[in-house]
Amino acid sequence: NSSAPTGGTGSYTYQWQSSSDNSTWSDIGGAGSATYSPGAITANTYYRRAETSGSCGTVYTSSVLITVYSNLTAGSVGSAQTICYNATPSGLTNSSAPTGGTGSYTYQWQSSTDNSTWSDIGSATSTTYSPGALTSSTYYRRAETSGSCGTVYTPSVLITVYGNLVAGTVGTAQTICHNTTPSGLTNTSSPTGGTGSYTYQWQSSTDNSTWSDIGSATSDSYSPGALTANIYYRREETSGSCAPVYTSSVLI
């Protein structure tokens, strides 16, 4: 009640009214005091107070407009990725901006290991975010705040991290006579981690330092031919786009 009516009998009754267009008015049930508290509203609404003084008639206050911002709706970020252990994913982009609210937004990126409990990422307050190297699967989302209209969240994006690629073992070291054929080199244990699917390339070296691929030796085991000099062997193991790993070398 910014100011009370004056004149008339000196005694007044009140009726609050609402309108969507400041032209057609409707009484608000139960709103008969000098003040009025609207409930939650979803559209622009005008209010005024009808003031009656006995038989002197009714006058109306100037109307008051309550402007309602449009519903604050989250944008989206993307997209999901699968990467190798300790690799750096592609940056998370702004697939779509938020809408509604005041039209002005602030951002805070968050991360989670379970898509349930979230933590703010320090200094990650732009529309996009580039995570560093990851060693475990991590969810990301963007919190979007618009003035006093609250905060909404983008759907989360999962970056899946393959298990650490660990080399298997091959065996075994042997000592043979000149120009004889050693026993085959077997798969003592398979690699683990990575995508779970592996390709192989056997390599040989005379000094256990400089290595050369052995043509067509791409299975998990290898049988050398007759040898006339000491030779080291190892198996290169690759899993998808993950960097290759190598078994310990075996000397024949």
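Two strands pair if DSSP finds at least two bridges between them. In this predicted model, strand β1 (residues 13-19) meets that criterion with strand β3 (residues 45-52), through seven bridges. The two strands run antiparallel. Strand β1 also pairs with strand β2 (residues 26-27), again antiparallel, through two bridges. Ser-18 takes part in both pairings. Its bridge partner in β3 is Tyr-47. In β2, the partner of Ser-18 is Ser-26. The hairpin of β1 and β2 has six residues between the strands. Within this hairpin, Asn-22 adopts a positive phi near 65°.

Three salt bridges were found. Arg-49 and Glu-51 form one of them, with an N to O distance of 2.7 Å. Both side chains belong to buried residues: Arg-49 is buried, as is Glu-51. Arg-142 pairs with Glu-144, and the closest N and O atoms are 2.7 Å apart. Arg-142 and Glu-144 are buried. Arg-235 and Glu-237 also meet through their side chains, at 2.7 Å from N to O. Burial applies to both Arg-235 and Glu-237.

The search of the whole structure returned one disulfide. It joins Cys-84 to Cys-242, with the sulfur atoms 1.9 Å apart. The link is left-handed, at -95° about the S-S bond. Distant parts of the chain are connected here, the two cysteines being 158 residues apart. Cys-84 sits in the loop between β8 (81-83) and β9 (93-96). Cys-242 belongs to strand β23 (residues 242-246). Cys-84 has a relative accessible area of 9% and is therefore buried. Cys-242 is buried too, because its relative accessible area is 6%. Two further cysteines were assessed for accessibility. Cys-56 reaches 53% relative accessibility, so it counts as exposed. Cys-149, at 33%, counts as partly exposed.

The largest nonpolar core holds twelve residues. Its members include Val-77, Ile-83, Leu-92, Trp-109, Ile-121 and Ala-124. Tyr-129, Leu-134 and Tyr-140 are also among them, as are Val-157, Ile-159 and Val-161. Strand β15 (residues 157-161) gives the most to this core, contributing three residues. A separate core has eleven residues, among them Val-170, Leu-185, Ile-214 and Ile-231. Leu-134, a member of the largest core, was examined for contacts beyond its neighbours within four places in sequence. Its partners include the core residues Ile-83, Tyr-140, Ile-159 and Val-161. Leu-134 also touches Cys-84, Tyr-85, Asn-86, Ala-87 and Pro-89. The contact with Cys-84 brings in one half of the disulfide.

Gln-203 lies in strand β20 (residues 199-205). Its relative accessibility is 6%, so Gln-203 counts as buried. The side chain of Gln-203 makes a polar contact of 2.8 Å with the side chain of Asp-213. A polar contact of 2.7 Å joins Gln-203 to the side chain of Arg-234. Both partners recur in the contact list of Gln-203, which leaves out residues up to four places away in sequence. That list also includes Trp-211, Ser-212 and Ile-214. Tyr-232, Tyr-233, Glu-236 and Tyr-246 are touched as well. Of these residues, Ile-214 belongs to the eleven-residue core. Tyr-246 falls within strand β23 (residues 242-246).

Ser-112 is located in strand β11 (residues 106-112). At 3% relative accessibility, Ser-112 is classed as buried because the cut-off for that class is under 20%. A polar atom of its side chain lies 2.9 Å from the backbone nitrogen of Asn-115. The side chain of Ser-112 also reaches the backbone nitrogen of Ser-116, at 3.4 Å. Beyond the neighbours within four places in sequence, Ser-112 is in contact with Thr-117, Trp-118, Thr-138 and Tyr-139. Thr-13, by comparison, is remote in space: the C-alpha atoms of Ser-112 and Thr-13 are separated by 58 Å. Along the chain, these two residues are 99 residues apart.

Methods
Residues numbered from 1 in each chain as written. Predicted model: local features only at pLDDT ≥ 70, side-chain atom pairs only at ≥ 80, totals over all residues. Heavy atoms only, no water. Salt bridge = Lys/Arg side-chain N within 4 Å of Asp/Glu carboxyl O. Buried < 20%, exposed > 50% of the residue type's maximum accessible area, 1.4 Å probe, protein only. Helix = DSSP H or I, 4+ residues; strand = E, 2+ residues; numbered from the N terminus. Polar contact = N/O pair within 3.5 Å; in protein donor to acceptor, adjacent residues only side chain to side chain. Contact = heavy atoms within 4.5 Å. Core = buried A, V, L, I, M, F, W, Y, C linked by side-chain atoms within 4.5 Å. Disulfide = S-S within 2.5 Å.
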